[in-house]
Amino acid sequence: MHTPSAPMAGYTKSEIYQYLIRDARAILDEEPNRVARMATVVSLCAQAFPDWFWTGFYCVDEVKKTQGVDELVVGPYTGTLGCLRIAFGRGVCGTAAATKTTQIVPDVHAFPGHIACDSRSNSEIVVPVFDGSGELIAVFDVDSEQYDSFDETDRDGLESLIEVVFAS
Ligand code: SME
């Protein structure tokens, strides 16, 4: 296992995701608590990608769900203060939750309804999080200060990481 705080310079993005998946598997083996799993993913990712500006989860609000309301509430994250709640269908996170598909946004200012928690965010990727029975439980949101930071390698890497940690 690489030291989570060790710099990952010199590795390709795809290699970094492979290390992350391996580390997450090893660290979270036999840890069922969902908050612990989310917090660990946030820490591993933020350490591995120091240029990520905001990294965290928005969770499906289970109480609101029983009332027929589809809403996300902020979960474990690192970065500047995130907004607390996002309705399904609103912004990039709400779109990922409503469509259950990964959203890659090269320029958040061009995304209709984007929620600007911090004006320094310029590009974003949001990956839906499913549990072992295929139920949507959260979305994983990463923001960057750079434009066009995320590509298909990030989609593949993050979808694999999220699947390994939350669905298997
Ligand atoms: N920009 C997001 C909101 C969450 S923050 O970036 C932390 C969106 O439009 O969903």
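The buried residues of helix α4 pack against six strands: β1, β2 (71–78), β3 (85–87), β4 (103–105), β5 and β6. This is a predicted model. Helix α4 spans residues 91–99, and 7 of its 9 residues are buried. These are Gly91, Val92, Cys93, Gly94, Thr95, Ala96 and Ala97. Just after the helix, Lys100 has a positive phi of about 55 degrees.

**Strand β1 and its partners**

Strand β1, one of the strands that α4 packs against, is mostly covered, with 9 of its 9 residues buried. It runs antiparallel to β6, to which it is joined by 7 bridges. Within this pairing, Tyr58 has Val139 of β6 as its bridge partner. Strands β1 and β2 are also antiparallel and share 5 bridges. Here Cys59 is bridged to Val73 of β2.

**Nonpolar cores**

In soluble globular proteins, nonpolar side chains tend to be buried together. The largest nonpolar core in this model holds 31 residues, and Phe57, Phe140, Leu158 and Phe166 have the most contacts inside it. At least two residues of this core come from each of α1 (13–28), α2 (34–48), β1 (52–60), β5 (123–130), β6 (136–144) and α5 (152–166). Another core, of 17 residues, lies apart from it and includes Tyr58, Val60, Cys83 and Val105.

Which residues does Leu158 touch, leaving aside its neighbours within four places in sequence? They are Tyr17, Trp52, Ile125, Val127, Phe140 and Val142. Phe140 is thus a contact of Leu158 and, like Leu158, is among the residues with the most contacts inside the largest core.

**Ligand site**

The ligand is surrounded by Trp54, Tyr58, Ile86, Gly91, Val92, Cys93, His114, Ile115, Cys117, Glu124, Asp141 and Asp143. Of these, Gly91, Val92 and Cys93 are also buried residues of α4, and Tyr58 also belongs to the core of 17 residues. Three polar distances to the ligand are listed below.

| Residue | Protein atom | Ligand atom | Distance |
|---|---|---|---|
| Val92 | backbone N or O | oxygen | 3.0 Å |
| Asp143 | side-chain N or O | oxygen | 3.1 Å |
| Glu124 | polar side-chain atom | nitrogen | 3.2 Å |

Val92 approaches a ligand oxygen through a backbone atom, whereas Asp143 does so through its side chain. Glu124 instead places a polar side-chain atom 3.2 Å from a ligand nitrogen. How much of the ligand's exposed area does the protein bury? Taken alone, the ligand exposes 310 Å², and the protein buries 98% of that.

Technical notes
Residues numbered from 1 in each chain as written. Predicted model: local features only at pLDDT ≥ 70, side-chain atom pairs only at ≥ 80, totals over all residues. Heavy atoms only, no water. Core = buried A, V, L, I, M, F, W, Y, C linked by side-chain atoms within 4.5 Å. Buried < 20%, exposed > 50% of the residue type's maximum accessible area, 1.4 Å probe, protein only. Helix = DSSP H or I, 4+ residues; strand = E, 2+ residues; numbered from the N terminus. Contact = heavy atoms within 4.5 Å. Near = heavy atom within 4 Å. Polar contact = N/O pair within 3.5 Å; in protein donor to acceptor, adjacent residues only side chain to side chain. Areas by Shrake-Rupley, 256 points an atom, 1.4 Å probe, with all protein chains shown as cover. Pairing = 2+ DSSP bridges.
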